[in-house]
Amino acid sequence: LVSFIFFNNLKASFMALVLGIFFGLFPLFMSVTNGYLLGFVSREAANVAGISVLWRLAPHGIFELPAVIFSIGIGMKIGFDLFSRKWKEKIIHNYKEGFRFFVFVILPLLIIAGVVEGLLVGLGA
């Protein structure tokens, strides 16, 4: 379960970063979709099991949400660079820095989020 959660989040974050090249539209769409789904699922979970169920989302959300938001931000920055004067140099530079940031910041955050979420679901808390 931990590996499934981790790889699902990894794939989504990586795609948000990489597909930002399309004028930042994919990361923008991803942020709107994730926000809608998180709100919808939270509301339904609170309606079924009570508001206290939302506390189980908080521990992994502390790590997962910043990782996803960072990926979306990097992807959008790459997409917006298409409108600048030296767009080729900027895009190459931002991809290099984005992948470095992905490996050293986003990846560890997603590992922690996957472990925390997997343990909470596994415990049935």
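1. A quick word on terms before the rings: buried means under 20% relative accessible area, exposed means over 50%, and partly exposed is in between (1.4 Å probe, protein chains only). By that scale F99, at 32% relative accessibility, counts as partly exposed, while Y95 is buried at 17%.

2. Keep in mind that this is a predicted model, where local features need pLDDT of at least 70, side-chain atom pairs count only at pLDDT 80 or more, and totals for chains, interfaces and linings use all residues. Residues are numbered from 1 along each chain as its sequence is written, and side-chain values use heavy atoms, with hydrogens and water left out.

3. On to aromatics: there are seven aromatic pairs in the structure. Rings of Phe, Tyr and Trp (its six-membered ring) pair if their centres lie within 6.5 Å; planes under 30 degrees apart count as stacked, over 60 as edge-to-face and the rest as tilted. F23 and F83 make a tilted pair, because their ring centres are 5.5 Å apart and their planes sit at 35°. F23 is in the loop between α1 (2-18) and α2 (25-49), and F83 in the loop between α3 (58-80) and α4 (87-123), so this pair ties together parts that are 60 residues apart in sequence. (Helices are DSSP runs of H or I, at least four residues, numbered from the N terminus.)

4. Y95 and F99 are a stacked pair, since their centres are 5.7 Å apart and their planes at 15°. Both lie in helix α4, four residues apart, about one turn of the helix. Together with F14 and F102, Y95 and F99 form one aromatic cluster.

5. Back to F23 and F83, this time for the surface. F83 is exposed at 61% relative accessible area, and F23 is partly exposed at 45%. Both belong to a nonpolar patch with L25, L28, V32 and F80, which has about 650 Å² of accessible area together. Patch members have over 30% relative accessible area and no salt bridge (a side-chain nitrogen of Lys or Arg within 4 Å of a carboxyl oxygen of Asp or Glu), and nonpolar side chains are joined within 5 Å. Areas are Shrake-Rupley values with a 1.4 Å probe. The largest share of the patch, three residues, comes from α2.

6. Last, α3. Its 23 residues reach 32 Å from first C-alpha to last, close to the 33 Å expected at 1.5 Å a residue, the expected span being 1.5 Å times one less than the number of residues. There is a kink of about 25° at E64, shortly before the proline P66; the bend is the angle between axes fitted to the seven residues ending there and the seven starting there. E64 is also among the buried residues of α3, which include H60, A67 and V68.

How values were computed
Helix = DSSP H or I, 4+ residues; strand = E, 2+ residues; numbered from the N terminus. Patch = residues over 30% accessible without salt bridge, like charges linked within 9 Å, V, L, I, M, F, W, Y side chains within 5 Å.
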